[in-house]
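Colleague: I have not seen this structure before. Please take me through the terms and how each one applies.

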Amino acid sequence: MISWILLMFLYLSVPAHLSENPPKRTVEVTASSRHYVDRLFDLDPQKVLQGVIDMKNAVIGNNKQKANLIVLGAVPRLLYLLQQETSSTELRTECAVVLGSLAMGTENNVKSLLDCHIIPALLQGLLSPDLKFIEACLRCLRTIFISPVTPEDLLYTDATVISHLMALLSRSRYTQEYICQIFSHCCKLQHWHSCGFKSLPQPLLCANGPDHQTILFNHGAVQNIAHLLVSTSYKVRMQALKCFSVLAFENPQVSMTLVNVSVDGELLPQIFVKMLQRDKPIEMQLTSAKCLTSMCRAGAIRTDDSCIVLKTLPCLVRMCSKERLLEERVEGAETLAYLIETDVELQRIASITDHLIVMLADYFKYPSSVSAITDIKRLDHDLKHAHELRQAAFKLYASLGANDEDIRKKIIETENMMDRIVNGLSESSIKVRLAAVRCLHSLSRSVQQLRTSFQDHAVWKPLMKVLQNAPNEMLVVASSTLCNLLLEFSPSKEPILESGAIELLCSLTQSENLALRVNGIWALMNMAFQAEQKIKSDILRGLSTEQLFQLLSDSDVNVLMKTLGLLRNLLSTRPHIDHIMSTHGKQIMQAVTLILEGEHNIEVKEQTLCILANIADGTTAKELIMTNDDILQKIKYYMSHSNAKLQLAAMFCISNLIWNEEEGSQERQDKLRDMGIVDILHKLSQSSDPNLCDKAKTALQQYLA
Amino acid sequence: MNVGNTSPDSLCQPNSGVCVGSWALSGCGCCRSCLRCRDILVTTAGKWNRAGGPPPPLGAPPPPSRLGEEAEEDEEKEEKEEEEEEEELRGRARRRGGARREPAPVLALRPPRFRPARLGSARPGLHRPLRAARAPPGAAMSGQQQQQQQQQPQPQPPPPLPGAAAAAAAPPPGLPAAASPGPAAALLLHPPPATAAPPPPPPAGSSGGGPSAPGGGGAGAAVGLPAAGGVPAPFPHGDPALNEQEKELKRRLKRLYPAVDEQETPLPRSWSPKDKFSYIGLSQNNLRVHYKGHGKTPKDAASVRATHPIPAACGIYYFEVKIVSKGRDGYMGIGLSAQGVNMNRLPGWDKHSYGYHGDDGHSFCSSGTGQPYGPTFTTGDVIGCCVNLINNTCFYTKNGHSLGIAFTDLPPNLYPTVGLQTPGEVVDANFGQHPFVFDIEDYMREWRTKIQAQIDRFPIGDREGEWQTMIQKMVSSYLVHHGYCATAEAFARSTDQTVLEELASIKNRQRIQKLVLAGRMGEAIETTQQLYPSLLERNPNLLFALKVRQFIEMVNGTDSEVRCLGGHSPKSQDSYPVSPRSFSSPSMSPSHGMNIHNLATGKGSSTHFSGFESSCSNGVISNKAHQSYCHSKHTTTSLNVPELNNINVSRSQQVNSYSSNDVDMETDHYSNGVAETSSNGFLNGSSKHDHEMEECDTEMEVDSSQLRRQLCGGSQAAIERMIHFGRELQAMSEQLRRECGKNTANKKMLKDAFSLLAYSDPWSSPVGNQLDPIQREPVCSVLNSAILETHNLPKQPPLALAMGQASQCLGLMARSGIGSCAFATVEDYLH
């Protein structure tokens, strides 16, 4: 079969060669190419022109010829002729056309052209008054800039270039098309990560100054390009639309501007909605859906606006259907995932629209078994897109299941879903792994799933593997998932601990990355909840007291809260309290004092008082408080605090200290009475807050007994 | 009998906004096109002799079968008397300076078929012409049955009107006093432009369909009532809000399902009070459904179907149901079922029944067990059901969101169905009464694009050039058929085609056609007999048709026999552009196509004229013609004012001032040589709006108005000749009947033609459109086809045949349940 295909290729390619070159070997081919190059050096400008025109005809569609000419040094000569003021406009135009043709070839061709500094020469050419020449230069620039090997920054090296391009936008439909295309390819986000959408807004300033979006925006891109959306030429409309989809992506500034721009009395969102109509080309529907999605995520359009709920969302769901091309399905799913990521209502609508959840299952069926050998081309195509499809599906599942338990249940009930996630976690493509972890994370928010399918499929194993030597981005999501898996009721907790999670998590708490620190300590906190003595000791040992104090002085309140939570979880059940306090009592008391004295919010202080209450529950640990007058004064202070939560927490402390049945309770009661605690308790028992009132009464009863 | 008097009251008042309809004039200039005015006048005037003394004996009408013959016998007798009377009247009219307007009886031809109906109704004149207004002349044959139906539901005339109406219908003969009721009645009956008498909507077969209550009072109702719809009005005309809703429904259905012929396959508009289980209660015009059973077990389930099944020609069909209340348990099913499926069940449980249930969100596909399908639904939700008749699938929507395909391989002819099962459940249906929550039109757009792409991509011709050659042949044959010989020759030369027919033959045909179209029927018949000796002998019906036309042209004053008597200059008599054929320009070609239409269905071949009826009633095409006509109107007017002036100054004896105008233009076109085709549309237009032109130029004509249209060109001798000819015709008709048996088409034709004489001004009479030069076209076409047939050439050009075939095919698709016909119309491809 393969040989047959090869024969076909031969059959197809031979006549083409025959027609262009005489049936000779490569040497002759090169020789004929040399002839073309030689003619560029002719003294007669007319002959040079004819030579360039002949060369143009020779290279069209002939990659080999292109490569030959580049090797033979045609490019510098062409550039020279193009830049020469003495050259006729016609010659210069033809040169630009030939260069554009060369750029159409392989990536290597583009690299060679870049090496010859073609971009400045072409940009210079744009200053010419001749429209034909300008169009040829733009066309060549377009071809070069859309190549992945061209650094986008080359467009921004000279500040005047952008404004000149903006001015050229009015010249002809070709300048419009090419310029829009250049913009949309040269407006990459600096922090654009190829494997996922970001959750945080793009910082407006980057290391190299303003980002591309802002530069273009500041040059009036929105106003200059908006009216092209209603151009009569489809290509211009399409390129303008693409330009906006890139400009508005994660850019609130652009998005906010776009909603208020109107063309011919119609607001841009309305124009975009028109482009979403089902009889429009798919490319147009998809791109305008992306524009609207960006505008919605930037807050420029409400998520309950009908143009999102009834137009954009259904359009994106349609893009995921089997009828669409694989590329379109990938883009549709990714955009939809981004659109609904944070809005539960949109997630709910998407989940019922056109059986999306079932539809997505189909994304995992590539390359399909049918296509294996019978259709090589298709297999190749499928293979190329298989990863993209899988990661897109995972991302969309992650977004769908982010908030709603019913949707999560539906996702997990999809055929082989957990197997697919587990396989996804160990795929070679990092993009797929990351997306699979995201999906797992989203699903791990379900208590029921943690107990059932997660356990059945031992997802912790691949997850732990993913965590090894993973890049931060992956670690963030994976450790968040781990947090959920380490919850007390999760059956995965044990095996995860056994596979060395403590060390891993402790090392995460030392990370520079804030999210990782939070996740690390969070996971530890979950792990310590109602854990056995050994685990607690392991955590304490793994973390080391220095690190613990480090975390307690962390600038991030989240880290602080989770660390306090960890402490609180560690200090539970009496034997554990006594044990830990006997070893770390001094440091802990210091830390507590420090926090109670510091400038912290209510929640932090409440958490700290709860730690004290836990300590007060210990048998021996009680003494650490009773002997510390400073702390006792603080407790007394918080009993009269204006915040009921803090009062309650302080009362827990007191209550634990004066509890009757315990040894030495009489002395403690006396000491606290001397401090005036009983008076406060009497006052509190009159409180309007039923919780406080109850608690105070119970405490007073201890005195009576 | 000069009735063209321009006394002030008979003129339109420009800018008055109200059509001061005049009895005598053909229309008034206040309406943009006097077509409408004419139509309205037609409606007010009644077609049959109304002035010839008291109506014919009203006694017990003889059995219909005998009616016609008796009537004809009567006619013979009456004719002579009435001729004398006419003479007298004419003289009087002259003496009075043309003040009278009431029709002068000439021949008393009664329409036996209509007599009973007419007698039964107080205002025959108001009823009958409806058809005339809607269907262009000569279209009565197939319309008759309809017509009688139409008359039934018509409301009785409102109290204030009968007097005037009666006056209009039968003014006392010969009384000068009768002059005033005429215009007055016309005025009264003239409805306000906004509400009534919509310019006869291009019928497109069905547009009548609905019960569209014509606004306004009785007059408006009578005048504007559209052709009979298959669907009776669900609401009384009294409630304006409901009428409004009805109108919106009609408008929306028309927009959503333009391909549906509602006469053949009405659309569902409400739930059927007959096709439901007893536990179902209906209210709010049968749109609201509530449960009134016990609702204890599934055995208490109850369903209701819509009034009609979903026609395949919808392509995509959609309806919505709003859950007003979920009742006790919310066991509601929304879906589809075939006729006869048990109604004591929820949709989906039985064979040929499909449903989506609210309590569990499952879909039931002819089975008692459901499949997980979508979300549950409850009070406040709007559930939509969309049937795709192209791929026979169905999907539901909830609150405007598509839920995905629920059923595939659906059978045809399903009815929208809802089922309820527990007390308190109430749902409202929306079959198009209100805007839909789901954007169904967007979905339809997608499918229209798909179907059209499929058509565009249809593989054509396996061998290179074959397709092109075929197209060229079709074009060439079309040109030859209609006798564009120069164009055909040039085309054949440039495309290497051979013309099958000899050039001489084409030219002969062209000559005859020219004569026919110029109204010179006598010469046309003579020439035909010369060139094709046996043709008319073998084809007596054709000869008869030609003769009838000749009679009409005599009345018109254009036929050669009359013309020479009338002493007019031949040129100004030619009221029709002597062009090879404007009739056949693409935008005007429906008649060809529709002739084929009839042939293809195998019903119309017996009569030539039945073909024209359908052609005329074809909405879209006549619509187009109308447009082109409007367009050309302006051109003509602006072009020819100087010429008109010129002619008026010279006071040549014109029958119609516009006619000479046309001739002048025509000459220009001839000088252009090959440019004949390009002139077609233009000539077409100009020929159609004769009256309009006239009105536009009233001012200029004031002093020459005396010379305007006169019977037979105004010559006494010509009138006698015409009357003599009429008798011959009558004799011929009788002979024909003896030889070939009864021919209703012929009879009707003759009757219509004779009716012209019943009016003092035949041109503006209800039957006056026979005189319209455009009416020469059908005759011309039939004659042309007959000649071609003798040459063993196709009676119809392949192009027209293909077009007819395509339209037929679409109709056939609709009947066979192939939904894609909804998104492909022949018109889409005729530019």
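The talk below covers a helix, two sheets, a repeat and a contact.

Modeller: This is a predicted model, where local features need pLDDT of at least 70, side-chain atom pairs count only at pLDDT 80 or more, and totals for chains, interfaces and linings use all residues. Residues are numbered from 1 along each chain as its sequence is written, chains are lettered from A and ligands numbered from 1 in the order in which they are written, and side-chain values use heavy atoms, with hydrogens and water left out.

Colleague: How do you know that helix 36 of chain A falls short of a straight helix?

Modeller: A helix here is a DSSP run of H or I, at least four residues, numbered from the N terminus; a strand is a run of E, at least two. The expected span is 1.5 Å times one less than the number of residues. Helix 36 has 24 residues, 574-597, and a straight one would reach 34 Å. Its end C-alpha atoms are only 27 Å apart.

Colleague: Where does helix 36 of chain A bend?

Modeller: At A:H584, by about 85 degrees. That is the angle between axes fitted to the seven residues ending there and the seven starting there.

Colleague: What makes strand 1 and strand 9 of chain B edge strands?

Modeller: Two strands pair if DSSP finds at least two bridges between them. Seven strands of chain B form an open, antiparallel sheet in the order 1-4-13-6-7-8-9. Strand 1 (271-276) and strand 9 (371-372) each have a single partner strand, so one side of each is left without a neighbour in the sheet.

Colleague: Why do strand 7 and strand 8 of chain B count as paired?

Modeller: Three bridges join them, and at least two are needed, so they pair. B:Y356 has B:S363 as its bridge partner in strand 8.

Colleague: What is the strand order of the other open sheet of chain B?

Modeller: Seven strands run 2-3-14-5-10-11-12, again antiparallel. Strand 2 (280-283) and strand 12 (401-407) pair on one side only. Strand 5 and strand 10 pair over seven bridges. Among the partners are B:F319 and, in strand 10, B:C385.

Colleague: What is the span 73-109 of chain A called?

Modeller: The unreviewed UniProt entry annotates it as "repeat: ARM". UniProt positions use the numbering here, feature names are shortened, and annotations may be inferred rather than shown by experiment. In the model, the span is 76% helix and 0% strand.

Colleague: How many residues make the contact between chain A and chain B?

Modeller: Contact means heavy atoms within 4.5 Å. Chain A gives 13 residues and chain B 17.
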